[in-house]
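Please look through the sequence and the model shown here, and follow the explanation below, which begins with charged side chains and then turns to the backbone.

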Amino acid sequence: QVQLVESGGGLVQAGGSLRLSCAASGSRFIFNNMAWYRQVPGKQRELVADISNDGTTVYADSMAGRFTISRDNPKNTVYLQMSSLKPEDTAVYSCFALRVLGIGRRSEYWGQGTQVTVSS
């Protein structure tokens with residue numbers, strides 16, 4: 001059974017940096033896409049960044065230039081380097097992995113989430 005386990009969250013001052021990691025266990029395949037999402041209580045979950053297995057990246061506009069997503073395919077791990085953090089970046093950050101099985105068939109996996117708190 002595939003499990004995604006995040007680490008690296010915590011409390012940081014505004015302007016600081018954090019690096020999140022998400023390691024997938026129980027998987028012998030390389031995910032098509034891995035991504036980070038975040039959610040603030042009372043708001044919808046939003047995409048932070050996505051990376052495909054060929055390294056193509058997509059960022060939410062508000063994170064572009066401050067956050068960097070990367071992945072290590074042999075380790076089935078995705079990272080999120082966050083810099084110049086702002087109090088509005090405070091959220092629960094969750095890891096996501098996608099495996100495309102065929103036309104119209106896909107498997108999605110979520111981590112349990114890690115809290116990131118940015119103090120002003």
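A residue is called buried when its relative accessible area is under 20%, exposed when it is over 50%, and partly exposed in between. The model discussed here is a predicted one, and Glu 108, at 43% relative accessibility, counts as partly exposed in it. The side chain of this Glu 108 meets that of Arg 106 in a salt bridge, with 2.9 Å from N to O.

Side chains of opposite charge can pair when their charged atoms come close. The structure holds 4 salt bridges, and a network of such bridges links Arg 38, Glu 46, Arg 66 and Asp 89.

Within this network, Arg 38 forms a salt bridge with Asp 89, and the closest N and O atoms of the two are 2.9 Å apart. Arg 38 belongs to strand E4, which covers residues 33-39, while Asp 89 sits in the loop between strand E8 (77-82) and strand E9 (91-102), so this pair ties together parts that are 51 residues apart in sequence. Arg 38 is buried, its relative accessible area being 7%, and Asp 89 likewise counts as buried, at 1% relative accessibility.

Asp 89 also meets the side chain of Arg 66 in a salt bridge, at 2.7 Å from N to O. Here again distant parts of the chain are linked, since Arg 66 lies in the loop between strand E6 (57-59) and strand E7 (67-72), Asp 89 lies in the loop between E8 and E9, and the two are 23 residues apart. Both Arg 66 and Asp 89 are buried.

We can now turn from side-chain pairs to the backbone. Which residue other than glycine has a positive phi near 50°? One such residue is Asn 76, whose phi has that value, and Asn 76 is found in the loop between E7 and E8. At 5% relative accessibility Asn 76 counts as buried, and, when residues up to four places away in sequence are not counted, Asn 76 touches Cys 22, Ala 23, Ala 24, Ser 27, Phe 29, Ile 30, Phe 31 and Met 34.

Ser 84 has a positive phi as well, of about 50°, although it is not a glycine. Ser 84 lies in the loop between E8 and E9, which is also where Asp 89 is placed. Whereas Asp 89 counts as buried at 1% relative accessibility, Ser 84 counts as partly exposed, because its relative accessibility is 41%.

Definitions and conventions:
Residues are numbered from 1 along each chain as its sequence is written. This is a predicted model: local features need pLDDT of at least 70, side-chain atom pairs count only at pLDDT 80 or more; totals for chains, interfaces and linings use all residues. Side-chain values use heavy atoms; hydrogens and water are left out. Helices (H or I, at least four residues) and strands (E, at least two) are DSSP runs, numbered from the N terminus. Buried means under 20% relative accessible area, exposed over 50%, partly exposed in between (1.4 Å probe, protein chains only). Contact means heavy atoms within 4.5 Å.
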